[in-house]
Amino acid sequence: MRGYVRNILLIFIVAFNLRLGISSVPPVMNQIKESLAISNVQASLLPSIPVFCMGLFAFGIGRFQQTFGRRKSVFLLLLILGGATLSRMIFSGYVGLVITAFIIGFAVAIIGPLLSGFIKEEFPNHAGLLIGIYSLSMGLGSVTAAGMVAQITDWFGGHWANALGIWGIIALVIAVIWILCSPKEQKAETIQNVVAVKFPLRNIQAWKMVAFFALQSGMFYSILTWIAEFFRNNMVLSDKNVFLLTVFTTVQMTCSFLIPALMDRVGHPKFWMYLCSVAMLLGAFFLSISHLSTAIIAVCLFAVGTGGYFPIAMLLPLTYTQTPTQASVWTGMTQAFGYMIGGQVPVLLGWLIDHSGNYHMLFYMIILNSVLLAIIGQNILKKQKS
């Protein structure tokens, strides 16, 4: 029982770090644009590059496990993540921010699938609950970073670079805790066996999972990147942009835990997938109404949708695999291609906003992605049931 609780806490504290370097950027996006004199497209790269890299470098999951094993890999990557984030306090030019975003994405790309393998090994009969805890912790990291970075910027006398970099200290502390407390891999999952399992590139179900993951991640990071700017450019809601972003991340964090936990007990995953799509479409409707109350309803509905889509996307590879190594590799493939594709959506949205001058492009993207997710998700879950 003691080891059970310890492993849950380890998953929680490691996952907490995985969004700090990304979610801390959007609330100070306007200050960054003004300070560095950059466009919307250039600004959108700062939260989007880590997402793309989370896909690109997920191809290295097998090599990392083969070389270091899961335990040492997570330790080394947390050190890299913390160092890159902390260095933003020094390298605060645009090139420095891009490079650190690249390194942050590299570290997160491999830690995520490694944690999925850890969940598969330590909690094979409670995957939904543990994915919920995993998602809850990432959401808590997101809401903490998004909610506090503006205030921390004020504490540092308006120096947003210090507010972005200070989050790296947390990753460095967690790295030490992980290496001291985490259990060693079981014999059946030693690093010599990792090379035997490769990405299922010829499996059509795996590619459907990639598409599902890409669409949901692209939509989530587009909302995270642009929702505050959308409200800031709305005359009625301009002074509530940070508040509404905080509401979104808070409710999203809660739903990312509750929905996968409920999926273990109530209803088929297909029901929850449809519920998420309906929530997103209703949110898009309320977003089109320029009023504070409807804006709050909209961000809460977006939080329900994105909070459910992510754990569903994370659970799919676990249900199609038999071993922790397979779970890590299938998750690695899903996230590799999914994040590379999804990471382009906020950049594309920034380009469309620059060329159209219309922040309602966010509204149209949400509608399109929600419909596509319902169609693809229904097909995956139908095949799974059969």
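## Reading burial, salt bridges, cysteines and cavities

User: Is R70 buried or exposed?

Analyst: R70 is buried, at a relative accessible area of 4%. The model is a predicted one. The label follows from a cut-off: a residue counts as buried because its relative accessible area is under 20%.

User: With which residue does R70 form a salt bridge?

Analyst: The general idea is to look for a side-chain nitrogen of Lys or Arg within 4 Å of a carboxyl oxygen of Asp or Glu. In this case the partner of R70 is E121, and their closest N and O atoms are 3.1 Å apart. Distant parts of the chain are linked by this pair, since E121 belongs to helix α6 (residues 94-122) and R70 to helix α5 (residues 61-86), 51 residues apart. E121 is buried as well, with a relative accessible area of 8%.

User: How many salt bridges does a search of the whole structure find?

Analyst: The search yields three salt bridges. One of them joins the side chains of E229 and K33, with 3.1 Å from N to O. Here too the pair links distant parts of the chain: E229 is in helix α11 (residues 204-232) and K33 in helix α3 (residues 29-36), with their positions 196 residues apart. E229 is buried, at 2% relative accessible area, and K33 is buried, at 12%.

User: Where do E229 and R232 lie, and how many residues apart are they?

Analyst: E229 and R232 both belong to helix α11, three residues apart, which is about one turn of the helix. Their side chains meet in a salt bridge of 3.1 Å, N to O. R232 is partly exposed, with a relative accessible area of 30%. Through salt bridges that share partners, K33, E229 and R232 are joined into one network.

User: Why is C300 not bonded to C255?

Analyst: A disulfide requires two cysteine sulfur atoms within 2.5 Å. The closest cysteine sulfur to that of C300 is in C255, and the 8.4 Å between them is too far for a bond. C300 is partly exposed, with a relative accessible area of 25%.

User: What is the count of disulfides by this rule?

Analyst: The count is zero. C276, for instance, takes part in no disulfide, and its nearest cysteine sulfur, that of C255, is 8.5 Å away. C276 is buried, with a relative accessible area of 0%.

User: Which residues does T294 touch, leaving aside those up to four places away in sequence?

Analyst: Contacts are read from heavy atoms within 4.5 Å. On that basis T294 touches F286 and I289, once residues up to four places away in sequence are set aside. T294 is in helix α14 (residues 292-319) and is buried, at 12% relative accessible area.

User: How many cavities of 30 Å³ or more does a search of the whole structure find?

Analyst: Rolling a probe the size of a water molecule over the atoms reveals where empty space remains. In this structure the search gives three cavities of 30 Å³ or more. The largest has a volume of about 140 Å³.

User: Which residues lie nearest the centre of the largest cavity?

Analyst: Of the 13 residues lining the largest cavity, R19, M138, F220, Q252 and F310 lie nearest its centre. Helices α7 (127-155), α11 and α12 (241-263) each contribute at least two residues to this lining.

User: How many residues of that lining are nonpolar, polar and charged?

Analyst: The lining of the largest cavity comprises five nonpolar, seven polar and one charged residue.

Key: Residues numbered from 1 in each chain as written. Predicted model: local features only at pLDDT ≥ 70, side-chain atom pairs only at ≥ 80, totals over all residues. Heavy atoms only, no water. Buried < 20%, exposed > 50% of the residue type's maximum accessible area, 1.4 Å probe, protein only. Helix = DSSP H or I, 4+ residues; strand = E, 2+ residues; numbered from the N terminus. 1 Å grid on protein atoms, 1.4 Å probe; cavity = no way out; pocket = protein on both sides within 12 Å on 5 of 7 lines; lining within 4 Å. Points joined across faces, edges and corners; volume = space filled by probe spheres on them. Nonpolar A, V, L, I, M, F, W, Y, C, P; charged D, E, K, R; others polar.
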